[in-house]
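Hello,

Here is the structure for your files. My notes on it follow below.

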Amino acid sequence: QSEVLRDNGVATPKMPPFDYTPPPYTGPTADEIFAQRKEYLSPSMFYFYNKPLNIVDGKRQYLFDESGRRYLDGFGGIATVSCGHCHPDVVEAIVNQTKRIQHSTILYLNHAIGDFAQALASKLPANLKVVFFTNSGTEANELAMLIARLYTGSHDIISLRNAYHGNAAGTMGATAQGNWKFNVIQSGVHHAVNPDPYRGVFGADGEKYANDVQDLIDFGTSGHVAGFMCEAIQGVGGIVELAQGYLPAVYNSVKKAGGLFIADEVQCGFARTGSNFWGFEGHGVVPDIVTMAKGIGNGIPLGAVVTTPEVAEVLTRRNYFNTFGGNPVCTAAGLAVLKVIEKEKLQDNAFVVGSYLKERLNALKDKYELIGDVRGRGLMLGVELVTDRELKTPAKAETEHIMENMKDLGVLIGKGGFRGNVFRITPPLCFTKDDADFLVDAMDYTMSKI
Ligand code: PLP
């Protein structure tokens with residue numbers, strides 16, 4: 001339990017009403033599960049809170065612990081729960097499909113796979129229409145890197161410092177945060193200076209960062225590259241947006257060097273940023289390969305690589321296979337998620353509620369010196385805490401303290417960034433303005449006590 005908050009004038013935040021009572025829970029207690037986890041699960045697993053919650057139910061934007069206590073889910077899995085926990089349409093699609101056939105492998109036909117592939121293609125521009133399904137974002141990015149290398153005949157890939165692209169052999173090389181790397185040998189990935197408008201060495205000057213990529217191509221490679229991979233908004237890296245003008249300039253350099261542009265939409269795609277369906281949209285470039293996972297299955301393991309027929313052709317040179325990728329149960333879920341996003345206009349909601357939430361967070365920034373930066377788009381927002389605005393000294397302890405106390409008030413948010421001092425707010429896209437008020441009020445209340 002975190003420390004008891006002193007009262008100093010800011011009203012106690014009130015959770016919006018929600019008409020749902022989860023069924024009684026009769027399973028093991030949080031203490032029992034925690035003890036079991038310590039003994040039987042990998043010690044690498046970590047958690048956000050001093051005492052992790054035992055979450056036994058989820059409904060739309062809310063989670064429930066073993067006692068039936070309700071929490072506002074401001075993290076949405078990890079930006080995975082796009083249309084809300086246990087959305088009835090998604091549940092129905094999964095149940096219906098699982099009753100008919102759970103797994104048929106790619107050796108046979110099943111329409112659930114093609115239906116989702118076709119629906120995905122309809123959401124992408126140009127000739128991006130050939131889909132290869134995977135189980136995760138890591139697998140999708142591994143495949144994207146392989147395709148780019150095969151297509152171009154070059155091994156050199158450029159990614160950004162502070163990027164997170166996954167944790168298998170190739171993608172760990174593309175990930176560029178020391179705390180997510182183990183022993184990466186000859187990854188063939190070169191890391192460009194991060195075009196981070198808040199902390200980056202060139203401030204908000206997108207062109208200067210883009211020059212660094214040209215430099216990297218000229219001095220770090222043979223001049224011929226396989227591709228450039230980036231997130232339009234870095235998620236794990238602490239919700240970092242690309243400096244204005246960066247992507248079109250980099251795109252030109254990469255194209256001149258014969259490379260492909262890989263958009264990693266694992267976290268920022270699928271309507272999350274509100275103004276667009278994909279994060280890369282609005283930057284004036286069309287990728288050659290788009291990777292996705294997380295929100296496309298609403299929490300069901302599902303990832304995908306989408307590219308053009310011309311590029312996809314390289315995979316016919318040998319056998320390429322993924323046992324569970326494109327499982328009909330997962331793709332049925334994916335199709336249902338997409339339909340819910342459209343039916344409930346969740347992209348518009350992400351824009352409207354996200355803009356409102358950002359406005360309120362910015363007002364909080366005016367009130368507390370502790371907030372150094374508020375950033376992001378739609379319902380992918382970051383709040384960076386610093387103890388000194390000039391020096392941008394990371395306020396890691398304060399970040400943890402505030403998160404813990406917000407949890408006690410009934411609000412769950414994420415944290416991240418290399419320095420561990422950024423709140424990550426990526427709720428289900430059905431988040432409401434009342435939810436946004438509750439989240440900000442809880443942050444305000446907690447900050448007012450430290
Ligand atoms: N790419 C991005 C942008 C991510 O945020 C992540 C995971 O956080 C990945 C790739 C890896 O996805 P997964 O954890 O599903 O392997």
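Isoleucine 55 has aspartate 65 of strand 2 as its bridge partner. The model is a predicted one, and this pair belongs to a hairpin in which strand 1 (residues 55-59) and strand 2 (residues 62-65) run antiparallel, joined by 4 bridges. There are 2 residues between the strands, and arginine 60 has a positive phi near 50°.

Ligand shell. The ligand is surrounded by 15 residues, and the closest are Ser136, Gly137, Thr138, Val266 and Gln267. Helix 5 (residues 137-152) supplies the largest share of this shell, 3 residues. By type, the shell holds 8 polar, 5 nonpolar and 2 charged residues.

Helix 8. Within helix 8 (residues 246-256), the residues Tyr246, Leu247, Val250, Tyr251, Ser253 and Val254 are buried. They lie on the same side of helix 8, because the arc they cover around the axis is only 165°. The general background is that an α-helix has 3.6 residues a turn, so residues three or four places apart point the same way. The cover over the buried residues of helix 8 includes helix 7 (206-220), strand 7 (227-230) and strand 10 (260-264). After helix 8 comes glycine 258, with a positive phi near 80°.

Core. The largest nonpolar core contains 127 residues, and Ala144, Ala148, Ala304, Ala333 and Val411 have the most contacts inside it. Helix 10 (residues 328-343) contributes the most to this core, 10 residues. For one of the residues with the most contacts, alanine 333, the contacts beyond four places in sequence are Val90, Ala93, Ile94, Gly297, Asn298, Ile300 and Leu302. In soluble globular proteins, nonpolar side chains tend to be buried together.

Threonine 308. This residue sits in the loop between strand 12 (303-307) and helix 9 (309-312). Is threonine 308 buried, exposed or partly exposed? Threonine 308 counts as partly exposed, because 19 C-beta neighbours lie inside 10 Å and a buried residue needs 20 or more. Setting aside neighbours within four places in sequence, threonine 308 is in contact with Asn127, Leu128, Val130 and Asp288. The C-alpha atoms of threonine 308 and proline 287 are 9.8 Å apart in space, while the two residues are 21 residues apart in sequence.

Regards

Methods
Residues numbered from 1 in each chain as written. Predicted model: local features only at pLDDT ≥ 70, side-chain atom pairs only at ≥ 80, totals over all residues. Near = placed C-beta within 6 Å. Nonpolar A, V, L, I, M, F, W, Y, C, P; charged D, E, K, R; others polar. Pairing = 2+ DSSP bridges. Buried ≥ 20, exposed ≤ 12 C-beta atoms within 10 Å, placed from the backbone. Arc of directions from axis to C-beta. Contact = placed C-beta atoms within 7 Å. Core = buried A, V, L, I, M, F, W, Y, C linked by C-beta atoms within 7 Å.
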